[in-house]
Amino acid sequence: MSAMPAQVLFDRTQRLNARLRAVKPEICLERARLVTESYKQTEGEPMILRRAKALHHVLNNMSVYILEDELIVGKQAGKHRAAPLFPETEAIYLEKEIDIFPQRHTDRLLISPEDRRELLEEILPYWKDKCTETLLMKRLPEHLRAAWLGDEHGIFHPEIHVRGSLGHIVPDFERILKEGFAAQMNKAKEKLAAISPYDPEAPSKRQFYEAVIITCDAVIDFARRYSEKAREMARAETRPQRRRELEKIAEVCAWVPANPARDFWEALQSYWFTLLICYIEQNGLAVSSGRFDQYMYPYYRKDIEEGRLTREEAQELLEACWVIHTEIMRAYDLACAKYFSGFAIAMDMDLGGVDKNGKDATNELSYMCLEADKKINNPQPNLSVRIHDACPDEFLLKAIEVVREAGGGMGGGKPAFYCDEVIVPLLVNDGVPLEKARNYVIVGCVEPASPGDTLGMTNACMSNLAKALELALNDGRCRLCGKQFGPRTGDPRKFKDFNEVLQAFEAQVAWYVSNMIETLNLIQNVHQEVYPLPYFSVVLGGCIEAGKDCTRGGARFNYTGPQGVGLADTADSLAAIKTLVFDEKRMTMAELLEALDRDFEGREDLRQILLNHAPKYGNDIDEVDLLARYVGHVYCREVKKGRDPRGGHYRPGLYAVSANVPLGLNVGALPSGRRARTPLADGGVSVKHGMDVNGPSAAMRSVAKIDHEEATNGTLLNQRYNPTALNTLEDRKKLADLIRTYFALGGLHVQFNCIDAGTLRKAKANPEEYRGLLVRVAGYSAFFVELDDSVQDDIINRTEYMEVR
């Protein structure tokens with residue numbers, strides 16, 4: 001690259017970002033049309049070959065275009081920041097909801113009348129009896145329907161994988177960058193030639209390797225099409241600088257990802273193609289970037305040392321790559337849009353941390369990535385930093401600076417902070433070798449995993465711990481509709497002591513978790529049969545070696561990770577029962593239950609006693625904090641009993657995405673004083689809004705009492721500060737000390753919004769003036785104005801700390 005002034009480089013970033021943010025997202029039909037064409041042509045063939053041929057057809061025929069100023073190229077859809085459709089999983093809800101998309105507030109997507117007609121009349125009819133949701137519902141036993149669907153008050157919600165793919169991987173970027181896809185194709189050809197006719201798995205292995213070869217060929221052709229497009233544009237370009245850029249793009253795409261990357265530009269482009277095609281093959285979330293600063297750094301360092309790039313030019317390439325991440329979209333159904341509000345993709349990228357020897361791995365590129373995220377401040381990538389005892393103070397303070405200063409001083413909730421000293425032993429205890437555990441990545445929201453060889457289905461399901469307590473206090477009946485959902489655990493009015501309450505709660509959790517695991521295994525069975533993932537199987541370590549698709553257990557590590565939501569509400573409610581009913585006897589169980597049945601109507605006096613005279617989680621009070629630990633333990637213990645169809649085990653998580661809001665609609669009044677159908681506590685292990693009256697340090701001490709290593713699928717702690725709390729370097733050093741102290745106490749994760757409630761209210765009232773306002777929702781950030789109203793209100797109502805103490 002020829003040197004350009006820093007201001008010119010920054011102007012390019014501003015233009016790319018402004019164009020992205022100006023787009024009003026819409027639906028793109030290209031992929032759905034092409035997949036349908038391919039499936040009609042391959043009727044009767046083995047499903048894995050049909051899937052490979054469908055991807056080949058899409059990559060060879062979808063629109064290829066390069067926008068002005070772009071240096072890193074490759075699009076998911078035929079339109080800029082548009083959501084492609086996946087009728088293989090989405091057909092049922094698309095038919096029902098296609099007219100809702102342009103009107104709904106959350107995740108609004110436009111669609112032209114012509115595309116609507118084609119979708120309804122030409123595409124969806126083919127898929128109605130073939131998509132994953134149709135096939136699953138035909139197989140779902142009645143007892144699972146009751147627990148999941150439950151008259152819309154069900155206790156667990158796996159819809160994201162009923163209407164979508166598994167997602168939630170980190171591809172083996174290091175291998176792809178070093179070897180290229182041509183090498184993967186050659187491996188498959190060698191394996192195919194070596195299959196013994198006496199191997200009982202020979203037929204399935206043969207089909208698998210043939211699918212891999214088709215897939216790799218499709219990837220190489222896709223990049224070639226971009227090379228040809230760039231060359232065509234270069235011939236017509238009159239501006240010398242842009243012509244040179246287009247010629248370089250053509251050269252890069254002609255070489256990668258087919259071949260090993262030779263420099264930083266090629267490494268970035270190969271990385272992007274590798275990631276992008278994961279989101280073209282399937283519509284699962286959280287295909288993540290992993291330890292970007294580690295596998296990219298050798299290419300950056302070599303270019304700098306050999307004089308091919310200046311630091312400023314490398315920063316420009318990095319920022320061009322950064323912007324394009326937020327073009328990845330998904331057309332959620334309305335229910336899932338509420339659970340994952342704000343076009344959540346959760347494409348996590350990890351910086352810092354230790355190396356395989358346990359030494360600090362922070363490098364120059366780590367800081368450059370933080371600077372890129374501060375400048376661009378978009379939802380993707382979902383940036384995370386790994387903190388450990390030897391982590392440089394400079395790096396931690398730079399990350400806090402990004403939290404405070406991104407978005408022109410309004411923050412963006414990024415990066416999130418993770419503790420190596422907690423997560424590394426967590427993974428080792430879960431069966432991951434030490435060197436791999438030290439190289440861990442975060443997949444999606446907060447889920448730790450070994451990179452490049454793990455299919456986690458880590459966001460498998462959202463489940464409702466508060467609903468389990470409601471059932472325990474109502475003999476297994478739903479308080480909202482009166483139907484018998486769970487097992488009969490007795491009339492609480494006859495409970496002799498608090499232990500009987502706990503026994504009833506444990507029985508309800510055991511019942512719903514067993515039903516949840518059976519449902520999730522059934523969903524995975526359907527995916528194995530009709531939605532194999534040959535491209536995933538190329539980029540995940542272990543599949544080519546085993547000759548097995550990743551949906552059938554080909555990856556080296558296999559997990560399923562459902563989440564428990566409502567921990568704080570449950571703990572506060574148990575503390576209220578113990579303190580006010582059994583210990584102090586300020587009310588009888590009968591009085592409490594009557595008030596809950598009436599949603600406290602006419603009993604505001606009793607509600608105020610529950611709110612103000614029982615200890616609340618988040619204030620460093622052992623009595624209630626240890627109940628929170630107990631709630632987490634009960635859930636984790638039951639989840640860990642599960643085994644999945646890929647040969648893996650179940651890993652429990654304690655986080656909510658934005659599901660605390662819709663899950664709250666399914667729960668009646670609680671003994672904590674919470675009214676019926678109001679949101680549950682956000683985050684997962686976060687404190688209930690307004691209950692943490694002793695400041696952020698006390699809240700962190702409470703959260704640290706939970707056994708975070710037991711929640712092997714991750715925990716999530718949200719906190720929000722007024723911007724004035726982090727104005728000075730001294731303020732930020734206090735927060736750095738607070739983070740280190742929390743991690744020393746056993747905390748796994750923490751993240752911060754740094755924005756005041758007043759600004760959020762203005763953004764809600766005047767969305768066009770705040771289109772670029774980014775906030776941390778849960779395990780991801782989103783543009784505030786693209787969130788559902790109820791999620792916006794939930795973020796506004798979070799406790800706002802005015803100082804670090």
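## Charges over rings

In this predicted model, R651 lies over the face of Y559. The distance to the ring centre is 4.2 Å. Y559 falls within the residue range 557-560 of strand 11.

A second arginine sits over a tryptophan. The charged end of R262 is placed over the ring of W255. Here the distance to the ring centre is 4.0 Å.

## The parallel sheet

Strand 11 belongs to an open sheet of 3 strands. Their order is 9-11-13, and the pairing is parallel. The edges are strand 9, residues 454-455, and strand 13, residues 649-650. Each edge strand pairs on one side only.

Strand 9 and strand 11 run parallel and are joined by 2 bridges. Within this pairing, L455 stands opposite N558 of strand 11.

## Aromatic pairs

The whole structure was searched for aromatic pairs, and 23 were found. One of them joins Y332 and F340. This pair is stacked. The ring centres are 6.0 Å apart, with 10° between the planes. That angle counts as stacked because the cut-off is under 30 degrees. Both Y332 and F340 are buried.

Ring pairs also build a cluster. Its members are F173, Y271, F292, Y295 and W322.

Technical notes: Residues numbered from 1 in each chain as written. Predicted model: local features only at pLDDT ≥ 70, side-chain atom pairs only at ≥ 80, totals over all residues. Heavy atoms only, no water. Pairing = 2+ DSSP bridges. Helix = DSSP H or I, 4+ residues; strand = E, 2+ residues; numbered from the N terminus. Phe/Tyr/Trp six-rings, centres within 6.5 Å; stacked < 30°, edge-to-face > 60°. Buried < 20%, exposed > 50% of the residue type's maximum accessible area, 1.4 Å probe, protein only. Lys NZ or Arg CZ within 6 Å of the ring centre and 35° of its normal.
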